Amino acid sequence: MLSTLQTPRSSLSRFTLPSTITTLASNSQSTLTTTQSPTTSPPQSQILSIRHSLLTRNLSAVDLARSYLTRLRLTEPHLRSFLHIPDDQTIISQANDLDRRIAAGKDVGPLAGVLVAVKDNICTADMPSTGGSRILQNYRPPFDATAVKKLKELGGIVVGKTNMDEFGMGSTTEASAFQVTANPWDVSRVPGGSSGGSAAAVSARQCVVSLGSDTGGSVRQPASFCGVVGLKPTYGRVSRFGLMAYASSLDAIGCFGSSVADTGILLHAIAGHDRFDATSSKQEVPNFLSHFDSASSLESKPLKGLRVGLIRETIEDGVDAGVVSAIRAAASHFEELGCSVNEVSLPSFSLGLPAYYVLALSESSSNLSRYDGIRYGNQVHADELDSLYGDSRAKGLGSEVKMRILMGTYALSAGYYDAYYKRAQQVRTIIRNSFKEALDQYDILISPAAPSVAYKIGEKKNDPLAMYAGDIMTVNVNLAGLPALVLPCGFVDSEPAGLPVGLQMIGAAFDEGELLRVGHIFEQTLENCRFVPPLVADSVE
Amino acid sequence: MSSKVLFRGTPLTTLWNPKIQHKLLQFRRLSSKTTNCCSLQPPNVSHLAKTAHISLTPTEVEEFGPKIQQVIGWFGQLQGVDLQRIEPSIRADTENNLRDNTPETFDQRDAIIASVPSYEEPYIKVPKVLNVD
């Protein structure tokens, strides 16, 4: 169906895995549910097949955890997705508790046995949470973020904290104070950011699903670069309590999975009102998967009547030809599924980028003032208070963070507020309204998630504007507070195995259910596109 | 304007995508035009650093200056837009979900205190405040 797309080469990259991984493959295939041929079939929900295997006693939670941990430890020196991984024993003992519950016939939650990686700006009480910054190196929060608390209550096991650009400020993980994560498709390339570690971890099957955060595209762009599914929910759908704030009017916790279904199950687990977050919505959380149709039961035009709008400004000059071609092929796929696809223009689309940066930098300059070395974080000794603040922040914060704080400080200064911050808020109103109008005419809007595929590590030199330009596809969605799902839809030719391209689907506020339903059908009917990086292809089904 | 003025401090070779260069050229020309018709002072990095309580080294002041100038100049295109009668949005639509204003005791007080770098019960210790203007 997608004949114009490059299919990935099935051979391994130049990096060859030790034989233990192939042994792992033959062991796990006999125990994990595998009913389909590995190379061309659409992704199955790992969460559901894990649940099935555990409840039918085909597999123990301990064996499952061990197999993921083995793959994690083998790939991690090459990927560096994680900033913190607890002892194996911590994870095994949680898996053991679960096995005992199952053996005793007790109920287990929908995330039972599922290994979840958590971005390091989401607080976990029993693991360090650094936000990717030296100022919080070794910091242990006194509480779990609400999203973490919820996923643990439902049986999820946190397998580690993932690498990120410092405080969310970046799109490659190169701005992490600690390490740069590699893209599992090509370890000389970035995984995207700022949730690069979370995307890479799912892509390399180091974990089942992961949590990230998205302020201007930080879940969706890495999902595109790493060939995984990424979802940014509606602003207010998931509590931000425990998420280190970057820009409070734009931040959202988002989900990564290797399938749309898994992403939806994770979202359902963490969504809902939280009294500790006054911006979290009281709107009911529907059971997203109840509207999922299984691939075998789909009619020939399962999305008949769905009106899809392809945002014209996102396929114009400045977008890689390979990306445009993949998106156009995705549009054709939608048409084959029965949709009507038309190009739609969003007025003021390009204004969203400077407006976003004014708002994000201004809000972050305020939010990051709490990192002063007094009540937590790393303190630099000084004889008087101003120097203590100044030196602790100078030593603990990275260059990109410092620059953004300074620019935000400028934009909020007396005399400049009206010229910058207020005008940016007015542009936000325009963008919100233009999306509302477009979503009256169309059920979903589609676009690329990024203007290119993953860059080489180090390729983006010190030109902030060039870096910011890469966010053009994603920031308007944050300004409008809408939900968006990114799923891999094709490849661009590149050694060793091609690089994935993600399709972004944008929906109306709180319409995640529809995005997931449509995304699931798109994914299950996409032929000849298998999104498992060669690095781990031999060890997964 | 000569290309030297437009691209001061920004070697073109560092731009990552030739097509993006074209778009950025448009951004930069637009931002140069709009900041010329505004009376806003350009950013004073040292002053901003004092306000933001970050002790910058002289090297950092020199390095950050042109980059910050570039970005603030780019922000200038917001001034060229007609925004009369447009209400500013603080955030996307959200409900007002304030909880009751009743205090609750946080149950992990010890963990909070364990994170304080310099603590002497019951004080968080800080050095003296020097009175400077």
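The following paragraphs describe the sheet, the nonpolar cores, the cysteines and selected local features of a predicted model.

The central element of chain A considered here is an open sheet of eleven strands, which are arranged in the order E1-E3-E2-E4-E6-E5-E10-E11-E9-E7-E8 and whose pairing is mixed. Strand E1 (82–84) and strand E8 (340–344) of chain A stand at the edges of this sheet, and because each has a single partner strand, one side of each is left without a neighbour in the sheet. When direction is ignored, neighbouring strands of the sheet are turned by 30° against each other on average. At the E1 edge, E1(A) and E3(A) run antiparallel and are joined by two bridges, with A:His84 standing opposite A:Lys161 of E3(A). Helix H4 (residues 88–103) of chain A packs on the sheet, where it touches E2 and E3 of chain A, and its direction makes about 155° with that of E3(A).

Within this sheet, strand E2 (residues 115–119) of chain A is largely enclosed by the rest of the structure, since five of its five residues are buried. The burial extends to both faces of E2(A), with A:Leu115, A:Ala117 and A:Lys119 buried on one side and A:Val116 and A:Val118 buried on the other. With strand E3 (residues 157–162) of chain A, E2(A) pairs in the parallel sense over five bridges, and A:Val116 has A:Val158 of E3(A) as its bridge partner. The chain passes from E2(A) to E3(A) by way of helix H5 (residues 146–153) of chain A, in a β-α-β crossover that is right-handed. With strand E4 (residues 209–213) of chain A, E2(A) likewise pairs in the parallel sense, here over three bridges, and the bridge partner of A:Val118 in E4(A) is A:Leu211.

A:Leu211 also belongs to the largest nonpolar core, which comprises 178 residues and in which A:Leu211, A:Phe334 and A:Leu503 touch the most other members. Helix H13 (residues 418–441) of chain A gives the most to this core, contributing ten residues. For A:Phe334, once neighbours within four places in sequence are left aside, the contacts are with A:Leu303, A:Val308, A:Cys339, A:Val341, A:Ile444, A:Ile446, A:Leu503, A:Met505, A:Val518 and A:Phe522. A second, separate core consists of seven residues, among them A:Ala182, A:Ala204, A:Val536 and A:Val540. In general terms, nonpolar side chains tend to be buried together in soluble globular proteins. Helix H9 (residues 321–336) of chain A lies across several strands of chain A, namely strand E7 (307–311), E8, strand E9 (444–448), strand E10 (484–492) and strand E11 (499–506), and runs at about 55° to E11(A).

Another enclosed element is helix H6 (residues 196–203) of chain A, for which eight of the eight residues are buried, so that this helix is largely enclosed by the rest of the structure. The buried residues of H6(A) are A:Gly196, A:Gly197, A:Ser198, A:Ala199, A:Ala200, A:Ala201, A:Val202 and A:Ser203. After H6(A) comes A:Arg205, for which phi is positive, near 55°.

No disulfides were found, the total over all chains being zero. For A:Cys226, the closest cysteine sulfur is that of A:Cys207, and because the two sulfur atoms are 11 Å apart, they are too far from each other for a bond. A:Cys226 is buried, with a relative accessible area of 0%, and A:Cys489 is also buried, with a relative accessible area of 1%.

Chain B contains five helices and two strands, and its elements run α-α-α-α-α-β-β from the N terminus on. Of the 133 residues in chain B, 35% are buried. Among the contacts in chain B with a separation of 6 or more, 48% are accounted for by residues 24 or more positions apart.

A contact between the two chains is found at A:Phe276, which, when neighbours within four places in sequence are left aside, is in contact with A:Phe241 and B:Arg99. A:Phe276 is placed in the loop between helix H8 (260–270) and E7 of chain A, and this residue is partly exposed, with a relative accessible area of 37%. Although A:Phe276 and A:Ser239 are 37 residues apart along the chain, their C-alpha atoms are separated by 7.9 Å.

Conventions. Residues numbered from 1 in each chain as written. Chains lettered and ligands numbered in written order. Predicted model: local features only at pLDDT ≥ 70, side-chain atom pairs only at ≥ 80, totals over all residues. Heavy atoms only, no water. Buried < 20%, exposed > 50% of the residue type's maximum accessible area, 1.4 Å probe, protein only. Helix = DSSP H or I, 4+ residues; strand = E, 2+ residues; numbered from the N terminus. Pairing = 2+ DSSP bridges. Right-handed = clockwise from strand over helix to strand, strands pointing away. Disulfide = S-S within 2.5 Å. Axes fitted to C-alpha atoms, helices over the stretch in contact; angles between N-to-C directions. Contact = heavy atoms within 4.5 Å. Core = buried A, V, L, I, M, F, W, Y, C linked by side-chain atoms within 4.5 Å.
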